[in-house]
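Q: I would like a close look at one part of this protein, the open sheet and what lies around it. Could you walk me through it in one go?

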Amino acid sequence: IAIASTSQVVSYFPASFTFTVTNVNQLPANTYAKIYIPVEVGVSASQINCQAGGSAVSCSYDSTTRMVTLSSISASAISAGALVSTPLVVNNLNNPSSTTPTSSFGVYLLNSLDQVVEYQSAGLTFTCSQAANFYAINMILNNTVNSAPTSLSVSFSITASNYVNSSLLAITFPAL
């Protein structure tokens, strides 16, 4: 299973997550999927929607189990290895708040009798790699005399609703 996001930006940035699954066994007709969303990824049950291979499929989210259930991903049987051409997409999730890897996603394929046919629930993490942009930044000097010692006060806002402990702001000053 390969996981990709439409965005690598932290701070709960809106994103779609694509799960490309290579099934080991033949899957029966009307196989459906359940995807566990780790706590680091934000979910709004009223905003998610899903796709299977580019086609919209109905889906629902259970906040108690953190599972997204995608309706039947194929009306016909899927041969071993063929699901890779039908990526599963969950739209309107929110990226984690930091560049730390998430805990594991889980992907479960079930038959029409609600029996798990295949699954993977370990090692499916996602890592964001880009910082969020500032949407407000203010710098105030306490002295405007050339070459005089001064203090700089910086206030800023980013899209995140909170900060991870030990976050760091790096300021680069021009050579002059």
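A: Happy to; here is a walk from the whole chain to the sheet, and then to a few places outside it.

Please keep in mind that this is a predicted model. The protein has 0 helices and 12 strands, so to speak a run of β after β: read along the sequence, the pattern is β-β-β-β-β-β-β-β-β-β-β-β. Of its 176 residues, 32% count as buried. Among the contacts with a separation of 6 or more, 67% are between residues 24 or more positions apart. The accessible surface comes to about 10,100 Å², and 52% of that belongs to carbon and sulfur atoms.

Now to the sheet itself. Five strands make up this open sheet, in the order S6-S7-S3-S9-S10, with antiparallel pairing. Strand S6 (59-62) and strand S10 (116-120) are at the edges with a single partner strand each, so one side of each is left without a neighbour in the sheet. On average, neighbouring strands of this sheet are turned by 20 degrees against each other, direction ignored. As general background, the strands of a sheet pair through backbone hydrogen bonds, in either a parallel or an antiparallel way.

Let us follow S9, which has S3 on one side and S10 on the other in the strand order. Strand S3 (residues 31-36) and strand S9 (residues 106-110) are antiparallel and share 5 bridges. If you want a pair to find on screen, take Tyr 32, whose bridge partner in S9 is Leu 110. With S10, S9 pairs in the antiparallel sense over 4 bridges, and here Tyr 108 has Tyr 119 of S10 as its bridge partner. S9 is mostly covered, as 4 of its 5 residues are buried. The hairpin of S9 and S10 has 5 residues between the strands, and in this hairpin Asp 114 takes a positive phi near 65 degrees.

From S3 you can step into the loop between S3 and strand S4 (49-52), where Pro 38 has its place. Is Pro 38 buried or exposed? Pro 38 has a relative accessible area of 0%, and because buried means under 20%, Pro 38 counts as buried. Leaving aside neighbours within four places in sequence, Pro 38 is in contact with Arg 66, Thr 102, Ser 103, Ser 104 and Phe 105. The C-alpha atoms of Pro 38 and Pro 96 are separated by 9.6 Å, while the two residues are 58 residues apart along the chain.

Two other places are worth a visit. At the start of the numbering, strand S1 (residues 2-5) has a covered face with Ile 3 and Ser 5, and an uncovered face with Ala 2 and Ala 4. S1 runs antiparallel to strand S2 (residues 14-20), joined by 4 bridges, and Ser 5 stands opposite Phe 17 in S2.

The other place is a nonpolar patch on the surface, formed by Ile 137, Met 139, Leu 141, Leu 152, Leu 169, Ile 171 and Phe 173, with about 650 Å² of accessible area together. Strand S11 (residues 134-141) gives the largest share of the patch, 3 residues. Leu 169 is found in the segment after strand S12 (152-158), and at 35% relative accessibility Leu 169 counts as partly exposed.

Key
Residues numbered from 1 in each chain as written. Predicted model: local features only at pLDDT ≥ 70, side-chain atom pairs only at ≥ 80, totals over all residues. Heavy atoms only, no water. Pairing = 2+ DSSP bridges. Helix = DSSP H or I, 4+ residues; strand = E, 2+ residues; numbered from the N terminus. Axes fitted to C-alpha atoms, helices over the stretch in contact; angles between N-to-C directions. Patch = residues over 30% accessible without salt bridge, like charges linked within 9 Å, V, L, I, M, F, W, Y side chains within 5 Å. Areas by Shrake-Rupley, 256 points an atom, 1.4 Å probe, with all protein chains shown as cover. Salt bridge = Lys/Arg side-chain N within 4 Å of Asp/Glu carboxyl O. Buried < 20%, exposed > 50% of the residue type's maximum accessible area, 1.4 Å probe, protein only. Contact = heavy atoms within 4.5 Å.
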